[in-house]
Amino acid sequence: MAVPHGPAGVGRARHRMREQLRSNGVSDTVVDDAVLILSELLSNACRHGRPLGQHSDMGDGDVRAAWRVDGRGDLTVEVTDGGGPTRPVPATPSVTARGGRGLNIISTLAQEWGVRDDTAGEVTVWALVSAAHGHRDFPATSPERVTPVSRGRAGLDGLGGPIGFGSLDGLDLTEALDALDAFDDAG
């Protein structure tokens, strides 16, 4: 899916992904995680990456979003942009920082994620959401630095500061994402 390089297309991409995955029988937990991951990846691509084709004859100023479900039910989410001045790495923002948590959120929700350099300077950030993985609990308190979690991923415990996130139990991500989509649609 071509998504305009900017916030305008993020809501449309979330709607399209949610509809396609649900119509193909993907579980609500996987859909919720994947839609949040897609939103974070697209936001990062628009904030830190160039549109596709900015430095070549190919591309139309968009970024590319893609998702696919394999035979095991695992879902891969990818966002491709025209690259940027820095490599995508999880940050350790202060408690009062307005951003910098996206890749930490992805690290927590995805079974694994990575970065792939493509042709013509394109960069793809991908995340694997496993049907068997599901939501993990966020820590009640946050240590001061990122600590490795299984398979080399970093959890949200690397956000720093004394405030924790509690648990995802009981949080309806579908309602929260639908509210974000309504906000996107309004503006």
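**Close-up views of a predicted model**

**Figure 1. Arg68, Glu78, Arg116 and Asp118 are linked in a network of salt bridges.** The model shown here and in the other views is predicted. Within the network, arginine 68 forms a salt bridge with glutamate 78, and their closest N and O atoms are 3.3 Å apart. Arginine 68 belongs to strand 2 (residues 62–69) and glutamate 78 to strand 3 (residues 75–81), so this pair ties together parts that are 10 residues apart in sequence. Glutamate 78 is buried, its relative accessible area being 11%, whereas arginine 68 is partly exposed at 47%. Arginine 116 and aspartate 118 also meet through their side chains in a salt bridge, with an N to O distance of 3.3 Å. Arginine 116 has a relative accessible area of 35% and is partly exposed; aspartate 118, at 26%, is partly exposed as well.

**Figure 2. Aspartate 28 forms a salt bridge with arginine 22.** The closest N and O atoms of the two residues lie 3.6 Å apart. Aspartate 28 is partly exposed, with a relative accessibility of 47%. Arginine 22 is likewise partly exposed, with a value of 34%. In total, the model has 8 salt bridges.

**Figure 3. Strand 2 pairs with strand 1 and with strand 3.** Strand 1 (residues 2–4) runs antiparallel to strand 2, and 3 bridges join them. In this pairing, alanine 2 stands opposite arginine 64 of strand 2. Strand 2 and strand 3 are also antiparallel, paired over 6 bridges. Here arginine 64 stands opposite threonine 80 of strand 3. Strand 2 and strand 3 form a hairpin with 5 residues between the strands. In that hairpin, glycine 73 takes a positive phi near 90 degrees.

**Figure 4. Helix 2 (residues 28–48) is mostly covered.** Of its 21 residues, 16 are buried. From its first C-alpha to its last, helix 2 reaches 30 Å, close to the 30 Å expected at 1.5 Å a residue. Aspartate 28, in the salt bridge with arginine 22, is partly exposed at 47% relative accessibility.

**Figure 5. The largest nonpolar core has 30 residues.** In soluble globular proteins, nonpolar side chains tend to be buried together. The residues with the most contacts inside this core are Ile37, Leu38 and Leu42. Two or more core residues come from each of helix 1 (10–23), helix 2, strand 2, strand 3, helix 3 (102–109) and strand 5 (123–129). Helix 2 gives the largest share, 10 residues.

**Figure 6. Leucine 38 is in contact with residues from elsewhere in the sequence.** With neighbours within four places in sequence left aside, the contacts of leucine 38 are Ala13, Arg14, Met17, Ala65, Trp67, Val77 and Val79. Leu38 is also among the residues with the most contacts inside the largest nonpolar core.

**Figure 7. The predictor's confidence is low over some residues, with pLDDT below 50 in residues 135–171 and in residues 182–187.** The protein as a whole averages a pLDDT of 74, and 66% of the residues score at least 70. Residues 135–171 have 74 contacts in the model beyond near neighbours in sequence. For residues 182–187, the corresponding count is 4 contacts.

Terms used:
Residues are numbered from 1 along each chain as its sequence is written. This is a predicted model: local features need pLDDT of at least 70, side-chain atom pairs count only at pLDDT 80 or more; totals for chains, interfaces and linings use all residues. Side-chain values use heavy atoms; hydrogens and water are left out. A salt bridge is a side-chain nitrogen of Lys or Arg within 4 Å of a carboxyl oxygen of Asp or Glu. Buried means under 20% relative accessible area, exposed over 50%, partly exposed in between (1.4 Å probe, protein chains only). Helices (H or I, at least four residues) and strands (E, at least two) are DSSP runs, numbered from the N terminus. Two strands pair if DSSP finds at least two bridges between them. pLDDT is the predictor's confidence in each residue, from 0 to 100. Contact means heavy atoms within 4.5 Å. The expected span of a helix is 1.5 Å times one less than its number of residues. A nonpolar core is a set of buried Ala, Val, Leu, Ile, Met, Phe, Trp, Tyr and Cys residues joined through side-chain atoms within 4.5 Å.
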